Amino acid sequence: MAGSSRTVSASLLFMFFLFGLSAAKELLVGGNVNAWKVPSSEADSLNKWAEKSRFNVGDHLVWKYDGGKDSVLQVSKDDYANCNSSNPIEEYNDGNTKVKLDRPGPFYFISGAKGHCEKGQKLVVVVITPRRRHSAVSPAPSPAPSSAELEEGPAVAPTSSAPVLHTGSVTALGLLATISVGFLL
């Protein structure tokens, strides 16, 4: 009896772990309440924050700012590059803006306050493409290298000295089954 309750507990814990990894997040732009402003330097740019962050489909960006003095405009790539605020995709001026990242790819935002975009108050985030599940049809495996190819070494020199981690594919269900079986034994 004790073994089965441990299995249920471990299974529930694992499911919560999986849900936590895949759950959408609310990300405060710049990491703090006062981030939507003209940056004091290039190092203070919101794009530096975005480069260090990971954005997934379903996440929300949240801006906190004085809605009476500023706004957030979602714009096209060209309007972002030219700081053109005349044709936004979306305009937000409530001071507590929440935007859902509903697709993979880039999202462009600029300040609606006159002259702020030109001074660097803008942001581009790139939402990563979700991983695809393994399909029933797999591509044909690459042929094994011939003995002559093995003796000659690689055809292309490595571009990095960083080690490469090779991992096998483990499905969530398989991992859950492994954990459950482990507690039964």
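Which residue in β5 is the bridge partner of Val 62? Let's work up to that pairing and beyond, one exercise at a time.

The model is predicted, so local features need pLDDT of at least 70 and side-chain atom pairs count only at pLDDT 80 or more, while totals for chains, interfaces and linings use all residues. Residues are numbered from 1 along each chain as its sequence is written, and side-chain values use heavy atoms, with hydrogens and water left out.

**Exercise 1. Find the partner of Val 62 and describe the strand that holds this partner.**

Step 1. Begin with the overall layout: the protein chain has 5 helices and 7 strands. Here helices (H or I, at least four residues) and strands (E, at least two) are DSSP runs, numbered from the N terminus. In sequence order the pattern reads α-β-α-β-β-α-β-β-β-β-α-α.

Step 2. Strands β2 and β5 run antiparallel and are joined by 5 bridges; two strands pair if DSSP finds at least two bridges between them.

Step 3. The partner of Val 62 in β5 is Lys 98.

Step 4. Now look along β5, where the side chains alternate. Thr 97 and Val 99 point to one face and are buried, whereas Asn 96, Lys 98 and Lys 100 point to the other and are not. Buried means under 20% relative accessible area, exposed over 50%, and partly exposed in between (1.4 Å probe, protein chains only). Across the protein chain, buried residues make up 28% of the 185 residues.

**Exercise 2. Locate the salt bridges and say what each one links.**

Step 1. Side chains of opposite charge can pair when their charged atoms come close. The cut-off used here is a side-chain nitrogen of Lys or Arg within 4 Å of a carboxyl oxygen of Asp or Glu. The whole structure yields 2 salt bridges.

Step 2. One of them brings together Lys 98 and Glu 26, at 2.5 Å from N to O. Lys 98 lies in strand β5 (residues 96–100) and Glu 26 in strand β1, so this pair ties together parts 72 residues apart in sequence. Lys 98 is partly exposed, with a relative accessible area of 44%.

Step 3. Asp 59 and Lys 25 form a salt bridge as well, at 3.9 Å from N to O. Asp 59 sits in the loop between α2 (46–52) and β2 (60–64), and Lys 25 in the loop between α1 (2–22) and β1 (26–28), 34 residues apart. Asp 59 is buried at 0% relative accessible area, while Lys 25 is partly exposed at 36%.

**Exercise 3. Characterise the disulfide and its two cysteines.**

Step 1. The structure holds 1 disulfide, meaning a pair of cysteine sulfur atoms within 2.5 Å. Cys 83 and Cys 117 form this bond, with 2.1 Å from S to S.

Step 2. The S-S torsion is about -75°, so the disulfide is left-handed.

Step 3. Cys 83 belongs to the loop between α3 (77–82) and β4 (90–92), and Cys 117 to the loop between β6 (105–111) and β7 (122–127), 34 residues apart.

Step 4. Both ends can be checked for burial: Cys 83 is buried at 14% relative accessible area, and Cys 117 is buried at 4%.

Step 5. Finish with the backbone: Cys 83 has a positive phi of about 50°, although it is not a glycine.
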